[in-house]
2 protein chains.
Amino acid sequence: MNAPIMSQSRCGDCPIRHRAVCARCNADELEALDAIKYYRTYEAGQPIIWSGDVMNFVGSVVSGIASLTQTMEDGRTQMVGLLLPSDFVGRPGREGAAYDVAATTDVVMCCFRKKPFEELMERTPHIAHRLLEMTLDELDAAREWMLVLGRKTAREKIASLLAIIARRDATLTPGGATNRMVFDLPLTREAMADYLGLTLETVSRQISALKRDGIIELEGKRHVTVPDMRRLMEEAGDDSDGGFLG
Amino acid sequence: MNAPIMSQSRCGDCPIRHRAVCARCNADELEALDAIKYYRTYEAGQPIIWSGDVMNFVGSVVSGIASLTQTMEDGRTQMVGLLLPSDFVGRPGREGAAYDVAATTDVVMCCFRKKPFEELMERTPHIAHRLLEMTLDELDAAREWMLVLGRKTAREKIASLLAIIARRDATLTPGGATNRMVFDLPLTREAMADYLGLTLETVSRQISALKRDGIIELEGKRHVTVPDMRRLMEEAGDDSDGGFLG
DNA sequence: TGGTCCGTTTGATCTGGGTCAAGGCTCTGG
DNA sequence: CCAGAGCCTTGACCCAGATCAAACGGACCA
């Protein structure tokens, strides 16, 4: 609780490293961040922001998983992003939210009031710079996901999602990057379907198929073991291992 | 040729307004931009950059259309972005390209050498700021497209693409935002299929269907008339008119 | 004037994933 | 200990869009 989780600098007493914000901040800047910061918790399933709402804060996910979702008038939905701990939420310089944000699991957010955050950004170029980098990362991720949505089969989609979650998990689990990987699915079948542009029945069937074929092992419905990440990546149609394995 | 196309400031003698770069630059900054600027032309079909290549420039499309494409090892491709005149290419602060960029029609690019551009960015906060805004726009567009790819039917996909092209065209055609719209398709059926996650046969069939149903009129294979934009938007499943019509 | 090349259209057929429907687990609360 | 609610799985069937195949049409060239 008092030992840093990461070796990076953190803003004030915040238990996570804000990737976007304070990786390179000095003491004064951290203090300024602390002054405009507050925490907020959401229960699993709760909305955090609705598309079009005025957002008066930006922030980072501290724990739990949040999702970004687009919705059509007739109710069809597509998840367009997953927010894992340390991911940034919000659009400096923008009034409203562009999509619905909801808590997929219980979520703790570290928020910064938007106006003062933007002012701080103005006079702190490296924060603006870091924010640009981070937005470029998100753009890359979004465009990679467009390939998944547009061209991959249901089985490849599932494998891609599992690979992403495993990889993200690994970055939070020191020394985790081996061939065998174990993690918990933070999403229901329905949420996976929303992310993958599938129905929950197809998600369920394909997970069963991957299990039958020995690509994954399941303990209960959520706890996943991948005996060999390379095989999973092949199933994802993604031999370029995304920089994940040596 | 000597009269400005746009009423905005432009960098030096460049015939387009660089949305990202010089909308708010002063004379000194424009001069600095001019000093590191050069033009380059590409024929339709030519590659501009390959994914993974080191990019030593950033720039804007001056005329023509370029595409961003993701490719899988087995040859499946997904177009992840369209670059129309005034769109920005390149990733300040990044070494390599993340996707293939190719000229879809003949293209003229206005390029800035990357190193000096980044230096200029460092000491010119409003350029960095504008770049962030623009990247956020691209991110929004990418995420909107994820909904198209993941959840829309073939007919809706085609209608969405036509609506986007019409809208983009309108921004370049003063006074063009009426209900009736006329434009040329800058893409082959195959390129449309790549963008929409379909096959070219399906694209062709759905275009024929939209024509049969009177949503669009075709003169040759490329010249499109939309008698009533609202009907097209409905077909796109996108009643929120994207800020296009009053 | 007639190839031939390339993008496009159209037809016939097949199939992956959607839809509808019926249970099966597992946790919670009475 | 049972009932109910949420998820999840599995089966049967269907359809939108993929695949395979043929032919069209306009631009270019000999």
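How are α2(B) and α3(B) oriented to each other: roughly parallel, or roughly perpendicular? In this predicted model, helix α2 (residues 114-123) and helix α3 (residues 125-151) of chain B pack at an angle of about 105 degrees, with their axes 5 Å apart, and α2(B) and α3(B) are therefore roughly perpendicular to each other. Here the axes are lines fitted to C-alpha atoms, for helices over the stretch in contact, and angles run from 0 to 180 degrees between N-to-C directions; angles under 35 degrees count as roughly parallel, over 145 as roughly antiparallel, 65 to 115 as roughly perpendicular and the rest as oblique. Helices (H or I, at least four residues) and strands (E, at least two) are DSSP runs, numbered from the N terminus.

From α2(B), the contact (heavy atoms within 4.5 Å) involves B:F117, B:L120, B:M121 and B:R123, and from α3(B) it involves B:P125, B:I127, B:A128 and B:L131. These residues divide into 7 nonpolar, no polar and 1 charged, where Ala, Val, Leu, Ile, Met, Phe, Trp, Tyr, Cys and Pro count as nonpolar, Asp, Glu, Lys and Arg as charged, and the others, Gly among them, as polar.

Around DNA strand C there are 16 residues (near means that a heavy atom lies within 4 Å), of which A:A154, A:T202, A:R205, B:R189 and B:S204 come nearest. The largest share of this surface, 4 residues, comes from α6(B), whereas α6(A) gives the most to the surface near DNA strand D, with 4 residues. Of the atoms of DNA strand D within 4 Å of the protein, 63% belong to sugar or phosphate and the rest to bases.

The table lists polar contacts, that is, pairs of N or O atoms within 3.5 Å; within protein, one must be able to donate a hydrogen and the other to accept it, and residues adjacent in sequence count only if both atoms are side-chain atoms.

| Protein atom | DNA atom | Distance |
|---|---|---|
| A:A154, backbone N or O | strand C, phosphate oxygen | 2.8 Å |
| B:R205, polar side-chain atom | strand C, base nitrogen | 2.9 Å |
| A:R189, side-chain N or O | strand D, phosphate oxygen | 2.7 Å |
| B:T202, side-chain N or O | strand D, phosphate oxygen | 2.4 Å |

As for confidence, chain A averages a pLDDT (the predictor's confidence in each residue, from 0 to 100) of 88, and 89% of its residues score at least 70.

Residues are numbered from 1 along each chain as its sequence is written, while chains are lettered from A and ligands numbered from 1 in the order in which they are written. Local features need pLDDT of at least 70, side-chain atom pairs count only at pLDDT 80 or more, and totals for chains, interfaces and linings use all residues, while side-chain values use heavy atoms, with hydrogens and water left out.
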